[in-house]
Number of protein chains: 2
Amino acid sequence: MNIEERLSLNQMTTDPWTLEQTVAACVRQQISWIAVWRHKLDALGVKQSARMIKDAGLSVSSLCRGGFFSAPTAAERTAQIADNRRAIEEAAELGALCLVLVCGPARGQTLDEARQAVADGIAEIAPHARACGVRLGIEPLHPMYAAERSVIVTLKQANDMTAALADDHVGVVIDVFHLWWDPEVYREIERARGHILGFHVSDWPVPLPGILTGRAMMGDGVIELRRLRRAVEEAGYAGPIEVEIFNEAIWKNCGDDLLTTMKQRFGKCV
Amino acid sequence: MNIEERLSLNQMTTDPWTLEQTVAACVRQQISWIAVWRHKLDALGVKQSARMIKDAGLSVSSLCRGGFFSAPTAAERTAQIADNRRAIEEAAELGALCLVLVCGPARGQTLDEARQAVADGIAEIAPHARACGVRLGIEPLHPMYAAERSVIVTLKQANDMTAALADDHVGVVIDVFHLWWDPEVYREIERARGHILGFHVSDWPVPLPGILTGRAMMGDGVIELRRLRRAVEEAGYAGPIEVEIFNEAIWKNCGDDLLTTMKQRFGKCV
């Protein structure tokens with residue numbers, strides 16, 4: 001695949017749209033990959049959504065998201081594991097290259113306990129992932145999300161966890177917005193060789209407009225996108241590159257012009 | 001010093017107050033340490049401020065802040081170095097235990113270049129710090145400030161830089177708000193043994209009310225404060241502990257009740 005063919009539209013970039021609308025826009029814009037969010041599958045159901053995506057000629061780079069393993073009670077933990085199993089089955093139905101794991105916050109546990117709960121949770125669902133032919137991508141999130149979304153905050157952690165699990169259906173997802181600041185990131189990208197399951201791009205604007213919806217279009221921020229993309233390629237990753245932007249202003253302008261800009265910036269900046 | 005005697009009020013916690021007001025409140029509240037911000041010295045000037053603090057019987061845990069070494073032009077860089085030299089002289093005048101260095105963002109340079117500029121800048125000002133009897137404390141900031149305030153974002157980086165500079169007037173400042181999320185933090189606290197120049201506490205509330213003013217009173221967030229304090233002590237630090245809270249709601253309620261609460265929470269949570 002050349003670089004243009006690797007662009008995958010993550011549904012969160014076009015959040016105001018239904019899955020149907022985003023699929024149609026991908027077809028119009030000759031984008032051949034899509035990253036699907038689970039809550040967007042509700043309208044049509046998983047089977048019909050999968051068929052629609054396939055009929056449109058699209059491939060699914062990832063399903064977002066499993067994870068959130070740490071829970072304050074055993075019952076909630078069991079429910080989370082069950083939900084992760086369903087997510088694995090959905091990813092299989094969609095033919096997604098991986099299920100993205102957003103590992104979850106501590107929720108009343110200590111950080112050490114929560115991190116252990118993540119490792120235990122992934123170990124528990126990994127056999128089901130293997131049985132379904134689905135790979136699990138541990139996505140480290142930016143440390144500013146440590147209290148609310150993920151106790152896994154560096155690529156080193158995700159690599160260490162992948163190494164400890166030693167399961168060829170478990171790997172890492174590298175998102176530049178989450179990892180660009182890390183002095184160890186290039187060393188860890190090299191260390192991720194052989195188990196990189198996804199690569200996500202956006203940008204970090206200055207100032208950041210918000211904690212949850214602060215991401216920018218590539219080129220509108222300070223992230224060294226090309227250096228990171230090359231590092232990921234040098235580490236052997238040649239798969240789809242997801243554009244995943246959470247940004248209120250971009251959502252307000254959701255439309256084909258946005259996707260045209262996205263494609264231009266993808267070529268120019270990534 | 002017992003733990004109560006180690007409490008230092010960082011002026012940013014009582015930001016609506018002048019230095020005079022904060023000093024008077026420390027006396028009323030029997031707080032024997034204060035951390036001073038440079039812009040708060042403007043009203044009375046450095047000499048008179050230093051005399052007032054001394055006459056009130058207070059000691060200065062730190063002066064905030066030097067740093068911001070990376071600059072897009074040589075002229076700006078030179079100006080920054082000159083400003084850091086003045087900050088060192090002010091810290092000496094105040095008898096501050098250290099000058100806190102907020103190292104600055106990249107400002108158009110790459111992260112690697114900016115990080116080198118920080119190391120070069122500290123090396124350049126270190127002889128003046130030694131001559132003035134002032135220690136320089138590299139404060140790693142939370143990665144969410146990497147684009148706007150500091151390319152130094154982990155204690156490992158600050159420790160590595162301290163080791164490379166090999167100057168007994170250069171060390172690190174450990175702030176729990178900036179570092180609590182880091183899987184390496186306890187290892188790096190131990191590694192900081194012998195060059196810990198300050199310890200700052202606050203808390204990380206959920207949800208975070210804002211990027212710049214999101215900090216909470218100790219006990220109102222998720223940071224494992226006692227574990228971190230003990231780790232810093234086990235690494236040999238027995239100096240003042242600064243309470244540094246940037247928070248709009250706390251500033252609105254700035255007064256003796258706030259300081260009473262702060263002292264209670266300090267005893268209970270730190």
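What rotation superposes chain B on chain A? In this predicted model, local features require pLDDT of at least 70 and side-chain atom pairs count only at pLDDT 80 or more, whereas totals for chains, interfaces and linings use all residues. Residues are numbered from 1 along each chain as its sequence is written, and chains are lettered from A and ligands numbered from 1 in the order in which they are written.

Chain B is superposed on chain A by a rotation of 180 degrees with 0.0 Å of shift along the axis (RMSD 0.0 Å), the fit being by least squares on the C-alpha atoms of residues with pLDDT of at least 70 in both copies. That is the relation of a two-fold axis.

At the interface, 21 residues of chain B are in contact with 21 residues of chain A, contact meaning that C-beta atoms, placed from the backbone, lie within 7 Å. Of the interface residues of chain B, 100% are also interface residues in chain A, so the copies meet through the same surface.

In chain A, 8 strands close into a barrel in the order β1-β2-β3-β4-β5-β6-β7-β8, with parallel pairing; strands (E, at least two residues) and helices (H or I, at least four) are DSSP runs numbered from the N terminus, and two strands pair if DSSP finds at least two bridges between them. Strand β7 (residues 196-201) of chain A is joined to strand β8 (residues 241-243) of chain A by 3 bridges, and the two run parallel. Within β8(A), A:Ile241 stands opposite A:Phe199.

Key. Two residues are in contact if their C-beta atoms, placed from the backbone, lie within 7 Å.
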